[in-house]
Amino acid sequence: MNSIRILIGILGMDQHEVAAVGIAKMLRDNGMEVIYAGCFNTPETILQSAIEEDVDVIGISSHSWEYLYYMPELMELLQKEANPIPVVVGGSVITAKDKTALGEIGVASVFGSGTNDEEIIGSIQELAEAFVAASC
Amino acid sequence: MTRTSRTRSGIRLKSNYRPDEGASETLKTHYQDNLGDPGSYPYTRGTRDNPGGGWIQRELSGEGDARRSNAQFKYLLEQGQSGVDIIGDSPTQSLMDPDHPLAKYVIGTQGVSLCRHDDYRELFDDIPIDEISISSSGPPMFTVASLYLLAMERGISPASVRGSVLQFPFYAEYCGYAYKMPFDLHLRMTCDIIEFCSKEMPKFHGFLEDSYFFSEAGLNAVEEAALAFVEIRHVVRTLMKRGLDIDSFAPRIAILVNCSMDFYEEIAKIRAMRRIFARMIKEEFGAKDPRSMAVVIACHTSGLSLTTEQPANNIVRGAVQTVALGLAGIQALEISTFDEGFRTPSKEAHLVGLRTQQIVDLEANITRVQDPFGGSWFMESLTDQVEEKVLAMIADIESRGDPADLVTGGYFKQFFEGAMSRYHQNVSSGEVTKVGLNVLQVPEDEDKLLRDVSEAKFEPLMERAEQLRIFKASRDQSAVRESLMAVFKVTSTDENIMEAVIGAVETGATMGEIIGVMREASGTPYDPYGHLTSPIEG
Amino acid sequence: MKALVDKLTSGDVRSAARLIRMIDDNQPAARDALKQLFPHTRRARVIGITGPPGAGKSTLTSCLIESARQQQMSVGVLAVDPSSPMSGGAILGDRIRMNRHTLDKEVYIRSLASRGHFGGITPATRGAIRVLDAMGKDVIIVETVGVGQDEVDIARLADTTVIVWVPGLGDDIQAMKAGILEVADIFVVNKAEHPDAEVTSNYLKSVFRQEKNTTGVPRDWVPPVVETVATKGWGIDALWDVLDQHREYVVGASDYYVVRKQKACRAELENFVHQGLSEKFTTQFADSAMMEEKVVQIASGEADIYAVAESLLAEITVPRQHHVDQLA
C-alpha cells in the first residue's frame, strides 16, 4: 500500500499545538504523510482541506472543551459525503463520558493522553485501509 | 520505577555533599560577591530583607463574563487572598472579540471574556486597585489602558496602582497566545507599555517576563531561565535604544517563573536567576539604582507536572512546589489547581490552592528564616551549576544571531516543539516519573476522588457575542471611528501607542478593533483569520 | 475514468483530488486519465516558487493567491515538501499559511510529498499541474523547498520561476549559482525590512550581470530583483507587475525560452520513457521463473551477465518497424 495520508488539525481557538505536532512527527516517522492544518480551523475548513488533500483519515487534536461543540458539526458535514472520511480524535482532556459521546456521533477512534504510539498507528492504518477499500 | 540521579536539566546529583565542593570553599571568602544577605546585591538570597513576610497569595481567576469573575475575586479575597490575578479566555488572550466567528464555543470557558472598558469596570467593581496588587495574565495593553482609565474615573492617581502585566513578545505566537501580527509590532507594543508604565504608573510592573507559559512546552529549568533572559535582554536593549535610562524601568521588571516537581533544581534556579539578573543589569546595562538589580520573582506552579489521573494527587504536588518556593523565596504565587488538566479552576480547587499556600506559610512558618538553604554545600553548588549552564545557553542563543531574527526565523518554535516531544518521550519512557500516570496507576473505575468537580463543565457564554453586537451598534460611531483612525495613524509612526489606545478604549472601541487597525497599519490583514472586515476601511 | 475526467474538467474538486492521488501513488489508470486530460491543458499560467527553508515561500504564496483572487483569477497551489528519507513519511504544513483561502471555491491547495525524488519535484508534480490546468485554474503556483537541484527542476515545470531569498544568506548563493541563475526569472528578496536587504539585492543584481547559461542561446531577459515583506503584504503589487512583464516576454517567443522549454520537454519525455521501460521490465521479468533461472546461472558462472542483459533488453524493446507503423 502507498503512504497513508492523514490530515491533522485543531478546531476553534484551541492553540495547544505542541501535542499535535508531536503526533504528526510520530506518524511521519512511521511512514505516513501528514497534512498538518494547524490551529484556527472550523469544521468547514477541516472538511474542505481533507477533500482537497484526498486524505484517508482526519485526526483532530483537542486540549480544550470546544471540540465537543465542533465535533457534531464536523461529523454531520462528513455524513453528507458519499464515502465519509474516518475521523479520530486525540487529546488530554477527554473524559470517559466524552469518549462515549464521540463514539455515538461516529468518531472512529479516541486517543487519550495515555494511549501508546502503536495503538494510534494501528488504528489509523486499519481505518485508512478500510477507507481506501471502500472508495475503490 | 527508577530514582533519577540527575536534575531535569541534566546536572548530576551526588549522594551527599561535602565541605570541599567548589562553591563551598568560597562561601566565606566570597560571600558578599556571590551571595550577600537577603536584600543586598547580588540578591542570590532574596531581594528583600523581610523575614516572615510571606508572599502575595493569589489564585488565577477568570471565567465567564467580568461579573462572574469579579465574584471569584471577592470570594477569594474573603478567604484571605492577598492579591488578584486574572486570565482571559482564549479569544481574549488572542486579542479577539467574542463576536468573532471562531470564538463562539469558547467564550468565557478558559478565563474571562474581556474586550472593552466596560468589562474591566465590571471586573474590578469594588476592588480597591490602589490597595491590593492587580496581576493580569490577560492582554497587557488593554489591562494597562483600562486600569489607567479606571483610576482616573475613581479619582485616584494611576501612580498608586500596583500590580503587573505579563509580557511575552518572543514566544507568545508559539505557545498558545497567537497575536497574528508582525513580530516587530508585538515587540513595540511591549516596549510602549513598559515605557508608559514607567512614566504614568511607576508602582506597576509593566514588564512581568512570563517564563511560565513557554516553559510549559516541557522546558527544563535551565532552558526556561535562559529563554527568559534572552527575551528580557532584548527588550531592555530595545528600550535603551529608545533613549530610556535603565534605572527608569528596570525596577519594574519582574519574572513569573514555573515550578516543576524537581524540588532542588527549582530552588537553585530561582537563586541563580536573581544573581544573573542583578549582575547583568548592573554590569552589562549599567544600572545604578539597587532597585533595578533586585528582580521580583513570582511563580505559577507547573500545570504540566499535574496529571488527569487521580486529581487529588495534584494537591500534594502543589504543596510540595509551594514548599520549594517558600524556601527559594518568592514575592507572589499561584498554584495550578488539582483540576488544571480539565478546566479553569473550580471554586473548590481555588480554595484548596489558596489554603495550601496559607498552610505552608502560616502553619509551617516556612518564610520566617530567609533562604534557609543558603550556605548549603549542596544548594550553593547546584545554584552555581544552574547559573553556569544558563549563562552558557544565553551566550549560545545570542551567538546565533539577532534574537529578533531568531524569532522570525522560527528558531524558538523549533525549540519548543523539540522540548515538547522530548518531554513526552521522557514521560512515556518513565524517565520523568509521574505517579498514577507512568507508575503506580489505579484502574479507571477506582479513580473517582475529585473527578466530579474536575470534570464538571460549564457552557460557553454564546449570548455574549450578540450582546457585544448590540453594544457596538449603540456607541458614538464617529467618535469610535475617529479614535481608531488615531490608533492607525500612530501605529505608522514611532510614537508611543498607549495614549491613542487609551483614547480608543475610552470611546468604547474594542480590543479586537484596536488590534485590528494596528495590524492594518503594519500591512497585515485586519482579521488574520479571514472572517471580519475593518471598521475603518474606505 | 471518463466520468472522472468529465467531472474534473468541469472543475470538480473531489475528482481532481482523487486523480492527483492516483498519479502520486503511480496507479496505471492515472496515465489513461492524463491522456484524456491532455486536450484540456496548457491554458494555465504556471508560476514556480522556490527557495531555502524559512524564506517565507508559503506566506508569499498566500499573498499571491490574494492578489490573483482580487484580479478574478482562479488559483491552484501545489506545495511540495520533502519526504523523510528514513521513514518515507512527511509532514506537509504549507497549508497553514494559506488557511484563510481554504473556503474560497476558486482556490485549490494540494500538498505533495517528494516521495524519494531528489530535488523536490516529482513526476507526480507534473501530472498534478496538468490536473489543475484541466480543472480550469487560471494560475497554478508550485511551491518547493530549494536545496540546489530543485531550482532547475522547477524551471522545467513553470512558465515563470521565482526564487525567494532572504537577507543574510549571500554566501550560499555563490555555491548554488550555476543552478539558480539559469532558472531564475525573478528574484524575490523577502523579509526586506532586514538591514542587510539592500546588500543582498545589490549582490543579486551584480551576479546576474555576469550570468552564463547552458542553453547556448543568449538570454535577453535580465531577472529583476523584487523586495517584499510577505508577512506584511509589502511588495506584492511590484511582484505581480514583473510576473506580468515576464509572461509577456515568454509569450513573445523569446529564443531563450523556446530552447529552455524544449530542454524541459526532452527531460520529461526521457523520464517517461525510462519509467515505461523500467515498468515493462518489472512486469515482464522481475519476478519471472526465467529471471530466477538466469540469476542462478549467472551466480554459478554458467551464464554471461552481459549476454543475459542484452537478450532481456532485446525482448522488451519493440522492433523499430512495428513502432513506426503505430506512430503512423
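Which residue is the bridge partner of Ala254(B) in β8(B)? Point 2 has the answer; a few ground rules come before the numbered points.

This is a predicted model, where local features need pLDDT of at least 70, side-chain atom pairs count only at pLDDT 80 or more, and totals for chains, interfaces and linings use all residues. Residues are numbered from 1 along each chain as its sequence is written, while chains are lettered from A and ligands numbered from 1 in the order in which they are written.

1. Start with strand β7 of chain B, residues 253-259 (helices, H or I of at least four residues, and strands, E of at least two, are DSSP runs numbered from the N terminus). Seven of its seven residues are buried, meaning that 20 or more other C-beta atoms, placed from the backbone, lie within 10 Å of a residue's own. One side of β7(B) shows Ile253(B), Ile255(B), Val257(B) and Cys259(B), and the other Ala254(B), Leu256(B) and Asn258(B). That fits the usual pattern: in a regular strand the side chains alternate between the two faces of the sheet.

2. Now the neighbours of β7(B). Strands count as paired if DSSP finds at least two bridges between them. β7(B) pairs in the parallel sense with β8(B), residues 296-301, over six bridges, and Val296(B) is the partner of Ala254(B) there. β6(B), residues 204-210, also runs parallel to β7(B), over four bridges, with Leu208(B) opposite Ala254(B).

3. Chain B is assigned domain 1 (42-429) and domain 2 (475-521); such bounds come from an automatic or database domain assignment. Their contact (C-beta atoms, placed from the backbone, within 7 Å) takes 21 residues from domain 1 and 14 residues from domain 2. On the domain 1 side, α6 (140-154) and α7 (183-200) of chain B each supply at least two residues.

4. Next, helix α2 of chain C, residues 13-24. From first C-alpha to last it reaches 16 Å, close to the 16 Å expected at 1.5 Å a residue (1.5 Å times one less than its number of residues). Nine of its 12 residues are buried, including Leu19(C), Ile20(C) and Asp24(C). Among the elements covering them are α1 (2-9) and α5 (123-135) of chain C. Just after α2(C), Asn26(C) has a positive phi of about 60°.

5. Finally, Val34(A) touches residues of two chains, among them Ile6(A), Leu27(A), Ala90(C) and Leu92(C), leaving out residues up to four places away in sequence.
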